[in-house]
Amino acid sequence: MNNRETHFLSYNPRMDYHVFVITVALILGDLATGLCGAIKSKDLDSTKLRDGLWHKMGFILLIAFAYALEYAAGYIDIGIDVPAVGAVCAYIMLTEGVSITENLCIINPEIAQSPVGAIFKHDAKVQGAESWERDDND
């Protein structure tokens, strides 16, 4: 065996490290746009910020758990090959992408009026952004 096969962090040869980088970038992007949106809407709250940070930590720990499962599956044949890390990262990327879009609608209410914003019309955060724009125009 060579070092690559025995080292825990280099175990998963199927997973490109870019997936992790993109996932973490989206998590950080959601934090940044959420913070900007809270500042713009004058709704900056340390309790909400801490809750959001714990939520993000949960995502990071979920990736670590999926990675550990895949690592263990390399030693225990369970009869199926489930790409847990890829599935978890895809879920997180989609979740963060939606959240970033919602936050962008708060930061720039014109986005809420666009075709992209129409997808989120029923979201309370986006509806709030639309009402802020109406209030600003009055």
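This tour proceeds through the helices, their crossings, the salt bridges and a nonpolar surface patch.

The model is a predicted one, in which local features need pLDDT of at least 70 and side-chain atom pairs count only at pLDDT 80 or more, while totals for chains, interfaces and linings use all residues. Residues are numbered from 1 along each chain as its sequence is written, and side-chain values use heavy atoms, with hydrogens and water left out.

**Whole chain**

Begin with a cartoon view of the full chain, which has seven helices and zero strands. Helices (H or I, at least four residues) and strands (E, at least two) are DSSP runs, numbered from the N terminus. Then colour by accessibility: buried residues make up 28% of the 138 residues. Buried means under 20% relative accessible area, exposed over 50%, and partly exposed in between (1.4 Å probe, protein chains only).

**Helix crossings**

Two packed helices are described by the angle between their axes and the distance between the axes. Axes are lines fitted to C-alpha atoms, for helices over the stretch in contact, and angles run from 0 to 180 degrees between N-to-C directions.

Select α3 (46-73) and α4 (residues 84-107). The axes of α3 and α4 come within 8 Å and cross at roughly 160°; the two helices are therefore roughly antiparallel. Angles under 35 degrees count as roughly parallel, over 145 as roughly antiparallel, 65 to 115 as roughly perpendicular and the rest as oblique.

Next, replace α3 with α2 (17-40). The axes of α2 and α4 come within 8 Å and cross at roughly 25°, which makes α2 roughly parallel to α4. The crossing of α2 and α4 is left-handed, and α3 also passes α4 in a left-handed crossing. A crossing is left-handed if the near helix is turned anticlockwise from the far one by less than a right angle, and right-handed if clockwise.

**Salt bridges**

Side chains of opposite charge can pair when their charged atoms come close. The structure holds three salt bridges, each defined as a side-chain nitrogen of Lys or Arg within 4 Å of a carboxyl oxygen of Asp or Glu.

Show the side chain of Lys56 as sticks. Which residues are linked with Lys56 in a network of salt bridges? They are Asp30 and Glu96.

- Lys56 and Asp30: the closest N and O atoms are 2.4 Å apart. This pair links distant parts of the chain, with Lys56 in α3 and Asp30 in α2, 26 residues apart. Lys56 is buried at 10% relative accessibility, and Asp30 is buried at 7%.
- Lys56 and Glu96: the closest N and O atoms are 3.0 Å apart. Lys56 lies in α3 and Glu96 in α4, so the pair ties together parts that are 40 residues apart in sequence. Both residues are buried.

Now move to Lys48 and Asp43, whose side chains meet in a salt bridge (2.8 Å, N to O). Lys48 is partly exposed, with a relative accessible area of 45%, and Asp43 is partly exposed at 38%.

**Nonpolar patch**

Finally, switch to a surface view and select Val24, Leu28, Trp54, Met57, Ile60 and Leu61, which make a nonpolar surface patch of about 610 Å². Patches are made of residues with over 30% relative accessible area and no salt bridge, with like charges joined within 9 Å and nonpolar side chains (Val, Leu, Ile, Met, Phe, Trp, Tyr) within 5 Å. Both α2 and α3 supply at least two residues of the patch, and α3 gives the most, with four. Centre on Leu61 in α3; Leu61 is exposed, with a relative accessible area of 53%.

Note on methods. Areas by Shrake-Rupley, 256 points an atom, 1.4 Å probe, with all protein chains shown as cover.
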